[in-house]
Amino acid sequence: MSTDRIPVMIPWLGEEEAKAASDAVLSGWVAQGPRVAAFERAFAERVGAEHGIAVSSCTTALHLSLVALGVGPGDEVVVPSLSFIATANAVRYVGAEPVFADVEAATGNLTTATVDAVRTPRTKAVLIVHQGGVPADVHSLRAACADWDLPLVEDAACAIGSTVGGKPVGHGALIAAWSFHPRKVVTTGEGGMITTDDAQWAARLRRLREHGMNASAAERHASNKPVLESYLEVGYNYRMTDVQAAIGLVQLEKLDAMIARRRELAARYDTLLQSVPGLTPVRDPAHGQSNFQSYWVLLDEGFPLGRDDLLAALAEAGVSARRGIMASHLEPAYQGHPCAPLPVTERISRDSLILPLFHTMTEAQQDRVVAALREQARR
């Protein structure tokens, strides 16, 4: 067994982020403040949105998005089962029911047809995911949702830097939620963002993340007069800190380099894996480009090992791969939850795995990953 283990990912963090965080700490303002506001502006500009609302995670971003849309008990929201379980859980947070739709095999994303197959008169919204950074066909989905008179929420947790029709994912979105978890391309440790072009929604979302308060701590601090805040509705404590935002601002400056490097590594994987039979790698869809936040492969039915056995063999060879995207409807939390047949979701979830890909990955490391896969394919 190799002692030089190749991790599945490493965040690209360095001295610049450390200094930015240190400067925030030394400034004396470490809670939500001026750096959060600057990060919101920079992030919104990057994805082509009018407003950014920083929050504590993508999960809380999804929750607040559904609150803003008025989704509640008795409502249904169409979601992919093929997603991290937070996507479905956010629907339950507002008392509504997730309705699981299947995905297309090539991208792992919902399509107009798969959504249409499960929507009902109780459907209040559609929540799509740009899975693993592979952009969904939002132009078709937005048009369909407009015809159905349904709002479209975009879970863009993995998709910063991905594009659709040459525009950033998030451009033109009614409302989109983002993640800065360490496994994402841009990280702040934890944290999330909501983007929207609607000024009234943005104002309400800022209140909701801060207990429903009509004047933020930063606004009260900036005033020369006492400010007696009011609490306009039941809100939440979903704020981001200035320390996180300081790191995020540096990360955004690196984004172009991150995407270029990840796409370079993905293209090299594509070439190397041509010599490994029985694997189908993830590809760019015709309508856009992926940031390759994750590079996953789907095992063909004739591959000599099952996915879990292959993961074990790779681990023995010092390669830290991961199972592919989970199927939420198969998890204990959703046991007994009614859903239509989801054959593509179950196939991808059962037979896919995520390969190591990170900014500082070397060609030698990538060669080792492919060599380990090749060895198992020849069994």
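Q: Which residues does Glu76 touch, not counting residues up to four places away in sequence?
A: This is a predicted model. Glu76 lies in strand S2, residues 76-80. With neighbours up to four places away in sequence not counted, the residues that Glu76 touches are Glu97, Val99, Thr120, Arg122, Thr123, Lys124 and Ala125.

Q: Is Glu76 buried or exposed?
A: A residue under 20% relative accessible area counts as buried. Glu76 has a relative accessibility of 11%. Glu76 is therefore buried.

Q: How many disulfides does the count come to?
A: Two cysteine sulfur atoms must be within 2.5 Å to make a disulfide. The sulfur of Cys58 is 8.1 Å from the closest cysteine sulfur, in Cys158, so that pair is too far apart for a bond. Cys145 is in no disulfide either, as the nearest cysteine sulfur, that of Cys58, is 18 Å away. The count of disulfides is zero.

Q: What is the relative accessible area of Cys145?
A: Cys58 counts as buried, at 8% relative accessibility. Cys145 is buried too. The relative accessible area of Cys145 is 2%.

Q: How many salt bridges does a search of the whole structure find?
A: A salt bridge needs a side-chain nitrogen of Lys or Arg within 4 Å of a carboxyl oxygen of Asp or Glu. The pair Arg142 and Glu154 meets this, with the closest N and O atoms 2.8 Å apart. Over the whole structure, the number of salt bridges is 22.

Q: Which parts of the chain hold Arg142 and Glu154?
A: Arg142 and Glu154 form a salt bridge. The two parts are twelve residues apart in sequence, so the pair ties them together. Arg142 is in helix H6, residues 138-148, and Glu154 is in strand S5, residues 152-155.

Q: Is Glu154 buried or exposed?
A: Its partner Arg142 has 23% relative accessibility and counts as partly exposed. For Glu154 the value is 1%, and the cut-off for buried is under 20%. Glu154 is therefore buried.

Q: What is the N to O distance in the salt bridge of Arg283 and Asp270?
A: Asp270 is in helix H10 (residues 255-272), while Arg283 is in the loop between strands S10 (279-281) and S11 (288-289). The pair ties together parts that are 13 residues apart in sequence. At 42% relative accessibility Arg283 is partly exposed, whereas Asp270, at 18%, is buried. The N to O distance in their salt bridge is 3.2 Å.

Q: Which residue does Arg350 meet in a salt bridge?
A: Arg350 is partly exposed, at 47% relative accessible area. The partner has 12% relative accessibility and counts as buried. The N to O distance is 3.0 Å, and the partner is Asp351.

Q: Which residues do salt bridges that share partners join into one network?
A: A network arises here where salt bridges share partners. The residues joined in this way are Glu40, Arg206 and Arg209.

Q: Why do helices H3 and H7 count as oblique to each other?
A: The axes of H3 (residues 58-68) and H7 (residues 199-208) come within 10 Å and cross at roughly 125 degrees. Roughly perpendicular covers 65 to 115 degrees, and roughly antiparallel begins over 145. The angle falls in neither range, so the two helices are classed as oblique.

Q: Which residues of H7 do Leu64, Ser65, Val67 and Ala68 in H3 meet?
A: H3 and H7 make a right-handed crossing. In this pair, the H7 residues met by those four are Trp201, Arg204, Leu205 and Leu208.

Q: What separates the C-alpha atoms of Leu64 and Leu205?
A: Leu64 is in helix H3 and is buried, at 0% relative accessible area. Among the residues that Leu64 touches are Val55, Ile194, Leu205 and Tyr236. Leu64 and Leu205 are 141 residues apart along the chain, yet the separation of their C-alpha atoms is 6.8 Å.

Q: What is the angle at which helix H2 and helix H9 pack?
A: Two packed helices are described by the angle and the distance between their axes. H2 (residues 34-47) and H9 (residues 242-253) have axes 8 Å apart, and H2 passes H9 in a left-handed crossing. Residues in H2 including Ala38, Phe39 and Ala42 take part in the contact, as do residues in H9 including Ala245 and Leu249. The angle is about 35 degrees.

Technical notes: Residues are numbered from 1 along each chain as its sequence is written. This is a predicted model: local features need pLDDT of at least 70, side-chain atom pairs count only at pLDDT 80 or more; totals for chains, interfaces and linings use all residues. Side-chain values use heavy atoms; hydrogens and water are left out. Buried means under 20% relative accessible area, exposed over 50%, partly exposed in between (1.4 Å probe, protein chains only). Contact means heavy atoms within 4.5 Å. Axes are lines fitted to C-alpha atoms, for helices over the stretch in contact, and angles run from 0 to 180 degrees between N-to-C directions. Angles under 35 degrees count as roughly parallel, over 145 as roughly antiparallel, 65 to 115 as roughly perpendicular and the rest as oblique. A crossing is left-handed if the near helix is turned anticlockwise from the far one by less than a right angle, and right-handed if clockwise.
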